[in-house]
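Please open the structure in a viewer and follow the stops below in order. Each stop names a selection and then describes what is found there.

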Amino acid sequence: MMQSLFNVLAGRPALCVYDVTTRCNSRCAMCSIWKRREKEMPLKDIKKVFSDLKRFGIHTLFLQGGEPLVRRDVFEVVKILDDMGFHTVVLSNGILLDEKVLKKLDSLNRSGRIFVTVSLDTLDRKKYIKIRGVDKFDVVTSNIRLLAKHPGLKGSVHATVTSINYNELDDVREFVHSLGLDFTFNSYNDTKNYASSGDKSLHLGNCMENVITEMSKVSQKLPPLYRPFIKDNIRYLRGEDVGRCDAFVHSFRLTSEGMLTPCLEFPPMFDLKKEDINRKWGEWSKKMACPVKRCYEKTPCFYGCTRGTGSIRKRPFAALNGLIYTLRR
Ligand SMILES: C[S@@+](CC[C@H](N)C(=O)[O-])C[C@H]1O[C@@H](n2cnc3c(N)ncnc32)[C@H](O)[C@@H]1O
Ligand code: SF4
Ligand code: SF4
């Protein structure tokens with residue numbers, strides 16, 4: 001805990017986004033991760049890599065992919081990480097998140113440090129198919145309702161805003177809040193296509209002013225913790241300066257093969273199975289500072305995982321509000 005606090009104050013990463021697998025049971029238009037076929041780290045390597053990350057001061061893990069729940073031993077992975085003391089957020093498309101899976105996650109969650117976030121972008125079944133590539137709207141909304149009955153998992157729903165769904169954002173929020181779940185969102189990124197699909201038809205360009213109006217309106221209905229991030233997201237969409245990219249500063253990504261890299265859009269860089277981050281961080285962070293800076297200058301993007309901590313950290317009052325909100329949840 002002390003090391004994580006030090007990391008946040010010293011501008012070192014406290015969040016790691018981990019692709020548990022690249023496999024996925026959806027075919028989303030905005031994403032190309034499901035096209036990759038990367039190896040998955042066995043449990044033995046996971047233990048080594050995450051015990052190094054724990055000592056390094058990582059506090060929160062986003063378990064994503066791909067779809068984490070398609071990995072057979074995902075519960076063992078969650079248990080290992082929870083036993084190590086991480087705050088573990090399982091990011092899921094919700095298709096496999098049935099009552100059996102929720103009960104299993106609940107039973108693992110004696111620590112109260114396991115959280116579940118489900119992606120839902122629309123309340124319209126046809127649009128769901130267009131965005132997510134599979135006909136699973138009914139299953140996912142029904143599983144979200146089940147999630148709401150497991151308050152220990154502090155469920156939330158996350159929407160990705162594209163040209164297809166921006167005008168529904170408040171409806172999705174209302175549905176989610178009516179179930180007592182948290183709601184967050186961020187805009188579609190299409191400047192790269194390592195994780196993003198680069199699909200231009202989802203681009204917000206033609207509807208930008210309406211998107212910004214909708215995002216501003218909805219952000220007023222979210223807890224104060226999330227507002228600084230949405231504010232920066234809107235400034236980013238307007239082409240205003242939102243400061244340096246926070247990739248490899250407040251967070252980084254671990255690929256399914258155990259390679260460290262600044263963010264979702266960077267190719268794998270450093271092998272955490274072979275190296276100890278605690279010995280190499282100084283060298284690696286120096287090495288990556290220029291490429292990340294150049295990347296943001298050339299083709300800026302705005303992901304929640306890279307930007308969230310930075311947006312809150314530069315606004316101390318919002319950070320305090322956020323802390324109070326988190327402790328109360
Ligand atoms: C990559 S997915 C992995 C977890 C899980 N499969 C899911 O869909 O929730 C994590 C989140 O990234 C979002 N996402 C995917 N492609 C994106 C893009 N190009 N821009 C912004 N967010 C994106 C998804 O909608 C989802 O909410
Ligand atoms: S966004 Fe999530 S659910 Fe959709 S294809 Fe990518 S990994 Fe799968
Ligand atoms: S701008 Fe930042 S988050 Fe986006 S791809 Fe470049 S390094 Fe990654």
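**Two packed helices**

In this predicted model, helices α8 and α9 are roughly antiparallel to each other, because an angle over 145 degrees counts as such and theirs is about 170°. Select residues 208-219 for α8 and residues 227-237 for α9; their axes lie 10 Å apart.

Next, display the side chains at this contact. From α8, the residues to show are Met-208, Val-211, Ile-212, Met-215, Ser-216 and Ser-219. They meet Arg-227, Ile-230, Asn-233, Ile-234 and Leu-237 of α9. Sorted by class, the contact comprises seven nonpolar, three polar and one charged residues.

**Helix α3**

Now select residues 74-83, which form helix α3. Which residues of this helix are buried? They are Val-74, Val-77, Val-78 and Leu-81. These residues span an arc of only 95° around the axis, and therefore lie on the same side of α3.

To see what this buried side packs against, add α2 (43-56), β2 (60-64), β3, α4 (99-108) and β4 (114-119) to the selection. Then move to Gly-85, which follows α3 and has a positive phi, near 100°.

**The surroundings of ligand 1**

Finally, select ligand 1, which is surrounded by 16 residues. The closest are Cys-31, Gln-64, Ser-119, Thr-160 and Ser-196. Highlight also β3 (87-92) and β5 (156-161), since each strand supplies at least two residues of this shell. What is the make-up of the shell by class? Around ligand 1 there are six nonpolar, nine polar and one charged residues.

Key: Residues are numbered from 1 along each chain as its sequence is written. Chains are lettered from A and ligands numbered from 1 in the order in which they are written. This is a predicted model: local features need pLDDT of at least 70, side-chain atom pairs count only at pLDDT 80 or more; totals for chains, interfaces and linings use all residues. A residue is near a molecule or strand if its C-beta atom, placed from the backbone, lies within 6 Å of it. Helices (H or I, at least four residues) and strands (E, at least two) are DSSP runs, numbered from the N terminus. Ala, Val, Leu, Ile, Met, Phe, Trp, Tyr, Cys and Pro count as nonpolar, Asp, Glu, Lys and Arg as charged, and the others, Gly among them, as polar. Axes are lines fitted to C-alpha atoms, for helices over the stretch in contact, and angles run from 0 to 180 degrees between N-to-C directions. Angles under 35 degrees count as roughly parallel, over 145 as roughly antiparallel, 65 to 115 as roughly perpendicular and the rest as oblique. Two residues are in contact if their C-beta atoms, placed from the backbone, lie within 7 Å. A residue is buried if 20 or more other C-beta atoms lie within 10 Å of its own, exposed if 12 or fewer, and partly exposed in between; C-beta atoms are placed from the backbone. The arc is that of the directions from the helix axis to the C-beta atoms.
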